[in-house]
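Here are my notes on the model you sent over. I went through cavities, sheets and cysteines in that order.

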Amino acid sequence: MAKEKGLTPQSQDFSEWYLEVIQKAELADYGPVRGTIVVRPYGYAIWENIQQVLDRMFKETGHQNAYFPLFIPMSFLKKEAEHVEGFSPELAVVTHAGGEELEEPLAVRPTSETVIGYMWSKWIKSYRDLPQLLNQWGNVVRWELRTRPFLRTSEFLWQEGHTAHATREEAEEEVRRMLGIYAKLAREYAAIPVIEGFKTEKEKFAGAVYTTTIEAMMKDGKALQSGTSHYLGENFARAFDIKFQDKDLQVKYVHTTSWGLSWRFIGAIIMTHGDDQGLILPPRLAPIQAVIVPIYREESRERVLEAAYGLKRRLWEAGVRVHLDDRDQYTPGFKFHEWELKGVPYRVELGPKDLEAGEVVLATRLGGKERVGLEVLPALLPKKLDEFHEALYQRALAFREAHTRKVDTYEAFKEAVQEGFALAFHCGDKACEKLIQEETTATTRCVPFDGEAEAGVCVRCGRPAAYGKRVVFAKAY
C-alpha cells in the first residue's frame, strides 16, 4: 500500500498518509483476518508507555487491576436492554466449541460491564464492600464494518475501569476524576489539547445514564474521541441485582461507573502531530527520545563510536531514552530519514570534527539544528525534551483554535465542519441531530464542561437551544 519512497502529502490525501506512515514507521501491519492488525515492537512500545503512565495514575487513585473472562454468556448482555441493542451489530458470537454446538452462545467480550456486574452481585453485600475500584487491561472484539489501524479494528487493546459506589455523588465524582486522568494523559504526556464535556443523549454509551468524553482535533480538522467515562447509575445494578445493606440497614442498589481508553490514542498521537516527513512523537511517550547517529570514515570509526557509546551511557543515566544507531550498512543520510519518519524528538549527530571541537549537532524533529557541548548535553537534553513537549502542545492548540468557529446559521455550520470544529446551539432533539449527521456527516462531539453560558436557537431547526451553551460539532473518526 505504501510507496517505496516518501509519503503521500497530508494535503493530498490525509487518509492515505495515515495508512502509509503506520506501515513505513513500523508501528503496525495488517493481520490475516479482516479488521485485525499486528502491532510491531515500535508501535507496542508506545502503547506500553501509555499503559505505564495510566496504570500509575489509576493506582495512585486507589484502583486495582483484575481480569475477567473473554467469553460472556449472551443472556448477560440481554439483561440490560439498551446495552445489548447498542452492541448487537458489533458482536462476535461463539456458537460451537469442542466439536459441539454450545447450549448457550457466548459473546466475545465487547466490553465487561455485564460479567463484572454478575461477579459484583456475588461479592457486594454490605456498605463495607464498597467502593469497588477495578481496572482491567485486556482486549475486546467489536466487528467493525469499516476498519482503520488503531482507530477501528475488529480486535483492539484497551483498559476498562469499572467501579461500584454506595451513592450517586461518589459515582459521579469518580466519573469526572477518571476523565480528568485521561485529559492529563492527553495534555501532559501526549501534548494533545482536548475538550472535556458531556456526550449528547444520542451519542452516549449504550446503557449509561450519561457519558463524558475528551475530544481532540486531528490535522485534517476531524475530531477523535480519545477517552470516555460513563455514569451508569443503577442500570446495571438493577439488571444484575447488585445490592448492599447500607449503614442505615436499608438494602440499596449500587451506583456504577465505567471508563476506557484504547490504542486509538496512538492514532490520536499520529494524526495530531505527524507531518509529511512522518511521525512526530511527544517525548514523554516516545519509545526513543533521542537517537545518536555517529558519522565516520574507516579511519575515525573506532574513535567516534567510543565517544558515541560514552555519550549514550551518560544520556541514559540522565534519564533520556536514547538509542545509538551504529549500523554500518546504512549511510548517515538514510538514518536521518528513518528516524525522522519514526518521529524521534531529537537526533544527535557526532563526527570526528565534532569530537575535536568537543561538540555535537543537535537536530530537533520540529525543525532546526544547533551545536551543543558534548559534556553539557546530558544535563541539557531533559530540559530540551520538556521544551519540545510544550512547543508540540502549543502548535496543536494553535491549529485547533484556527480551525474552530462559532456559527449561528446552517450555511456557516456546513462550511465550518468541512475544516474543523463548529460551535453551535442545538435543540437536543435526537431526530434533529440525526438529520444534521445525514446532511453534513458531522456529529455532536460534546457539550463542553467549560463552555460559556449562552442562550440561542438550534442551528438547524431554530427551536430553543437545550444545553445553555454551544455544542461542539465535527466530522469524526
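What volume does the largest cavity have? That is where I started, so it gets the opening point; keep in mind throughout that this is a predicted model.

1. The largest cavity comes out at a volume of about 60 Å³. It belongs to a short list, as the structure holds two cavities of 30 Å³ or more. Its lining is made by Glu-113, Ile-116, Gly-117, Trp-120, His-162, Leu-232, Phe-236, Ile-242, Thr-256 and Thr-257.

2. Who contributes what to that lining? Helix H5 (113-123) and strand S14 (255-262) each put in at least two residues, and H5 gives the most, with four. Sorted by class, the lining of the largest cavity has five nonpolar residues, four polar ones and one charged.

3. The second largest cavity has a volume of about 30 Å³. Around it you'll find Lys-202, Glu-203, Glu-433, Ile-436, Gln-437, Ala-442, Thr-443, Thr-444 and Phe-473. Helix H14 (430-440) and strand S22 (443-448) are the elements that give two or more residues to this lining. H14 has the largest share, three residues. The class split for the second largest cavity is three nonpolar, three polar and three charged residues.

4. Now the sheets. One is an open sheet of three strands in the order S4-S6-S5, with antiparallel pairing. Strand S4 (71-73) and strand S5 (93-97) sit at the edges with a single partner strand each, so one side of each has no neighbour in the sheet. From one strand to the next, the twist averages 50°.

5. If you want to look at one pairing in that sheet, try S4 with strand S6 (residues 100-108): the two are joined in the antiparallel sense over three bridges. A handy marker is Pro-73, which stands opposite Leu-106 in S6.

6. Another open sheet has five strands, ordered S16-S15-S17-S18-S19, and its pairing is mixed. Its edge strands are strand S16 (322-324) and strand S19 (369-373), each of which pairs on one side only. Direction ignored, neighbouring strands of this sheet are turned by 25° against each other on average.

7. Within the five-strand sheet, strand S15 (residues 290-294) and S16 run parallel and are joined by three bridges. To find the spot on screen, go to Ala-290, which stands opposite Val-322 in S16.

8. On to the cysteines. How many disulfides does a search of the whole structure find? The count is zero. As a reminder, a disulfide is a covalent bond between the sulfur atoms of two cysteines.

9. Why does Cys-446 have no bond to Cys-458? Cys-458 holds the closest cysteine sulfur to that of Cys-446, but the two are 17 Å apart, which is too far for a bond. Cys-446 counts as buried because its relative accessibility is 0%.

10. Cys-458 deserves its own look. Its sulfur is 3.6 Å from the closest cysteine sulfur, in Cys-461. The cut-off for a disulfide is a pair of sulfur atoms within 2.5 Å, so at 3.6 Å this pair is too far for a bond. Cys-458 is buried too, with a relative accessible area of 4%.

Notes: Residues numbered from 1 in each chain as written. Predicted model: local features only at pLDDT ≥ 70, side-chain atom pairs only at ≥ 80, totals over all residues. Heavy atoms only, no water. Pairing = 2+ DSSP bridges. Axes fitted to C-alpha atoms, helices over the stretch in contact; angles between N-to-C directions. Buried < 20%, exposed > 50% of the residue type's maximum accessible area, 1.4 Å probe, protein only. 1 Å grid on protein atoms, 1.4 Å probe; cavity = no way out; pocket = protein on both sides within 12 Å on 5 of 7 lines; lining within 4 Å. Points joined across faces, edges and corners; volume = space filled by probe spheres on them. Nonpolar A, V, L, I, M, F, W, Y, C, P; charged D, E, K, R; others polar.
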